[in-house]
Amino acid sequence: MEKLLDIQHLKVDFTMKDGDLTAIKDVSLHINIGETVCIVGESGSGKSVTSKAIMRLIDYENGKISAGSIVLDGMDLAQLSQKKLRSICGKKVAMIFQEPMAAFDPVFTIGSQIIETILENKQFTKLQAKERALYLLNRVGISDPALRLNQYPNELSGGMLQRAMIAMALACGPDLLIADEPTTALDVTIQAQILKLLQEIKEEFGMSILLITHDMGVAAQMADRIIVMYAGRIVEYATVSQMFELPHHPYTRGLLQSITTIDSDRSKKLYSINGSIPGLADLPPGCQFHPRCPFATERCSMELPPLREVNDRYTACWYAEDLVESFDWKQPSGETKNDRHSIKEIVLSDSKRGSEPLFTIQQLSKFYPIGKKSPFSRNSSYLRAVENVTFTIEKGETFGLVGESGSGKSTLGRVLLQLEKPTSGKVFFQGQDLSKLDAKELREKRRNMQMIYQDPYGSVNPRWKVGDIIGEPLQVHDSLSAKDKHDRVQDLLEVVGLNKSSFNLYPHEFSGGQRQRIAIARAIALNPQFILADEAVSALDVSVQAQIVNLLQDLQRERDLTYLFIAHGLNIVRHVSDRIGVMYLGQMVEMAPSETLFLHPAHHYTKGLIDSIPIADPARTRERISLKGEIPSPANPPAGCRFHTRCPAATARCREEQPIFREIHTGHWVACHDPL
Amino acid sequence: MTLVNKVLLKISTAFVSIIGSSILVFSIIYLLPGDPVLSMIDPSVATPEMVANLRKELGLNQPFYIQFSEYFMNVLQGDFGQSVVNSEPVLPKIVEHFPATLALTITSAVLSVVIGVTFGVLSAIYRNKWIDIIARIIGLFGISMPTFWSGILLILIFSVYLNWLPSIGSDGWKTLVLPSLSLGLVGAGFIIRMVRNSMLDVINEQFIVTLRAKGLSERVVMYRHALRNALIPAITIIGLNIGELLAGTVVIETVFSRQGIGRIVADAIMAKDLPVIQGVVFFSAIVYVVINLLVDLSYSFIDPRVRRAH
């Protein structure tokens, strides 16, 4: 096969105030014509820097290529002037990014931005360029392309914008498309659509794709070859089937085992890699993975293993040959087996638990008024964020809530905690109607209801010391003395797996996962009965995600906690939840025990969601019936069954009559006329 | 909300602001210490009857709300009262002198925008290069130099030493140069800082990376895309700045002996000529509200998110 791009020994440095910082080192890889290569790795692994280095976008971020070459078509891009590089960027190599909302200039129309790109290729007239823009928008599956051409980025949904972004990348017919986490910010259903589109256009335009992702499932589905990066270096480089069949590097193995899959054993603890990714400024000596590696020896801490060929692939581990031969390589380490036993017991004790509702939610609705901002506009309308939702959360259980963005799951959570007042309906907590409480009583109740948020960076005050952050609820509710508070906080730090000496540090001195531990310590400080975890692990890296999920489950067991676990990562929700509710456009459309829901989904929407999950196993390709279209606006939901516009089994009845939320088996509720 | 509704809403709130400012202006004058009647006649010759008569004649013996509503009704009919010093009606006096002030305000506004935006943009693009340092020095001077001092300095250099431009007067473009420069520098200082910051913010946005990845030239990326985004927050400052300029004319017109309304109000303050002060302040408030209304509406044309937000 012919090489399209050949990167050799690439080293990228960033100029900082106190000297240079090496972001990637000795990175060599190539992409053949018509091939998809995936770079996987967690944050800080250098995968994005590698992708940005190809078009030298790092030049604008104080970065520089200090060694190595990037050869495309016989030209070394590392040596070209920015001026000459312009004849490559956007023409031979195009790029799409993670946040489609942020990737378009907000003050120009979609059309003008695509046309601007096409016109860079000099042989088009303005009229031809417009025609081509229309053709491209149509090709990437955007409905009503003539209208979209004149719309601004804020008028399109995330999925639409990513399609438009792809259209713009195709503008000059590139040979190589670099896609930097193109689906990370999108819902799983839209992700499936975009990945399918990428595969189609790759064939059609005869391109190669360099796909950057942290999601092994996406890599398994898309890649021909996979490159695993860790702390700025390539640690393993193999074909997709080799990689998933028998990973050779302990890090790759750890990554693959950290993934929660759709059929993993729920009673088992999640496998997690110890520790966290080192910062670029303080890399360990020797093999950079050795502090986290269960197999590390003294040699690993002294000498850096080179990337070398082992069994027809490349890996950077001294002991790769021996390790893959060892008996427990494909099994998680012994420690986890013990855990498995203890958790089995919990499952047993779970079933003994009397079903005593902690939260009872009755016909709860939350509408936001829209459109009536001016006394001159006549009609007012509502955004129906949550409508007529009824369910209970049992004491001691984990109730999972899933659905695409815009389905109302976060709003539902906030209304439960009375952070927002419901428009109608009732919320009972321990048998008490929360809406009847006055401010003082509600505050007293709040000690029993805490929350963990998605963004570990935004949810703690950066100017406060960790000890004060965790101690604040204690001060507010218990007015402890300074010494008692200090002791309690130190206990809490230990419980969540942080060092006691963290007390006097500030949040920025911690990694994302550690900050989430701080947020958890704050949430459990008052010994609450209920914790709302709203996308609490979504922003974390795979290996860290598993650690936090395990911590949450341990805490639940020790402290008899009840969780409402909101997430868009379906596999994680399946793993942690006893029961799951599926929301669509503000309504609950299905509710069932976790296993039942995934094995026998009754609602077509649930089935569509499950089918959209990428499977982290290239050998298993299933016939996908991924959902068509996007979630409609909650300001103007479809009549009848709200899902009928996207449902493969919709009938005339669905268009007119709203299905009732009914129990089809014990504990399995669904709102569908013709359940599966 | 449709665009028409939005414009209607903006105009009606502007009208409310004008009524509000008229109440404010009137109250301030009303609450000022000192008896206006006593300041109008020589207390050594005035008998209590004379004082009472004059008070009655001026309507100053009425309660506050009647005084105000009378004043407001008169204003609506174009009658801003008359000067107590020479009995000239106030409005014609304002109308006569306003063009000179308007000319000064407009030229200094244009100067501050041109200097401010140009240097702001250049200093962001060439961050930490020599042009950035020059722009920041101009910004620092503009913000920290009082206009009466910079005005005198300009007179000293360009009129006294170089003898290029006249130091006083209000006829012809030549008399406009130094006062507008002196006044415009203040606004330029603020605008340089504002534009520089918002440009730097925009340059760090993700879409700038996209534009570069498309292979557009730096010139297009900066001047076509980044600048337009950066101007959105800058326009607010520019609008407020024009109000500042209007206020600044009081000092500048005195320094350069220009016959504008700033000068009138300065003279009226010296003479305790309340109706004139009231008239000019109220008139300026209207101008200020109208300018900010225009700035508000101009957003819609620059930022499509505002234009099409529902």
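**Exercise 1. Determine which residues Leu198(A) touches, leaving aside residues up to four places away in sequence, and place Leu198(A) within the nonpolar core of this predicted model.**

Solution.
Step 1. With residues up to four places away in sequence excluded, Leu198(A) is in contact with Ile96(A), Ile166(A), Leu177(A), Pro182(A), Ile209(A) and Met222(A).

Step 2. The largest nonpolar core holds 111 residues, and Leu198(A) and Ile226(A) are the two that touch the most other members. Helix H7 of chain A, residues 158-169, supplies the largest share of this core, namely 8 residues.

Step 3. Domain 1 (1-92 + 178-190 + 208-333) and domain 2 (95-173) of chain A each give at least three residues to this core.

Step 4. Another core, of 61 residues, lies apart from it; Ala519(A), Ala521(A), Leu555(A) and Leu570(A) are among its members. As general background, nonpolar side chains in soluble globular proteins tend to be buried together.

**Exercise 2. Describe how strands E1 and E2 of chain A are paired and how they are joined.**

Solution.
Step 1. Strand E1 covers residues 3-16 of chain A and strand E2 covers residues 19-32; their pairing is antiparallel and comprises 10 bridges.

Step 2. The connection from E1(A) to E2(A) is a hairpin through 2 residues.

Step 3. To fix the register, take Val12(A): the residue opposite it in E2(A) is Ile24(A).

**Exercise 3. Establish the strand order of the open sheet of 4 strands in chain A, identify the edge strands, and locate the helix that lies across E13, E14 and E16.**

Solution.
Step 1. The order is E14-E13-E16-E17, with antiparallel pairing.

Step 2. Strand E14 (381-394) and strand E17 (432-433) of chain A each pair on one side only, and are therefore the edge strands.

Step 3. At the E17(A) edge, strand E16 (residues 424-429) of chain A is joined to E17(A) by 2 bridges, in the antiparallel sense. Phe428(A) has Asp433(A) in E17(A) as its bridge partner.

Step 4. Helix H15 of chain A, residues 409-416, lies across E13 (357-370), E14 and E16, and runs at about 115° to E13(A).

**Exercise 4. Explain why Cys641(A) and Cys654(A) form no disulfide, and state whether each is buried or exposed.**

Solution.
Step 1. The search of the whole structure returns 0 disulfides over all chains.

Step 2. For Cys641(A), the closest cysteine sulfur is in Cys654(A), at 5.8 Å, which is too far for a bond. The criterion requires the two sulfur atoms to be within 2.5 Å.

Step 3. Seen from the other side, Cys654(A) is in no disulfide, and its nearest cysteine sulfur is that of Cys641(A), 5.8 Å away.

Step 4. Cys641(A) is buried, at a relative accessible area of 10%. Cys654(A) is also buried, at 7% relative accessibility.

**Exercise 5. Characterise chain B by its secondary structure, domains, extent and contacts.**

Solution.
Step 1. Chain B contains 13 helices and 0 strands.

Step 2. The domain assignment gives domain 1 (3-77) and domain 2 (99-271) of chain B. Their centres, taken over C-alpha atoms, are 35 Å apart.

Step 3. Along the principal axes, the C-alpha atoms of chain B fill a box of roughly 85 × 60 × 30 Å.

Step 4. Of the 310 residues in chain B, 45% are buried.

Step 5. Consider the contacts in chain B between residues at least 6 apart in sequence: 72% of them join residues at least 24 apart.

Conventions
Residues are numbered from 1 along each chain as its sequence is written. Chains are lettered from A and ligands numbered from 1 in the order in which they are written. This is a predicted model: local features need pLDDT of at least 70, side-chain atom pairs count only at pLDDT 80 or more; totals for chains, interfaces and linings use all residues. Side-chain values use heavy atoms; hydrogens and water are left out. A nonpolar core is a set of buried Ala, Val, Leu, Ile, Met, Phe, Trp, Tyr and Cys residues joined through side-chain atoms within 4.5 Å. Buried means under 20% relative accessible area, exposed over 50%, partly exposed in between (1.4 Å probe, protein chains only). Domain bounds come from an automatic or database domain assignment. Contact means heavy atoms within 4.5 Å. Axes are lines fitted to C-alpha atoms, for helices over the stretch in contact, and angles run from 0 to 180 degrees between N-to-C directions.
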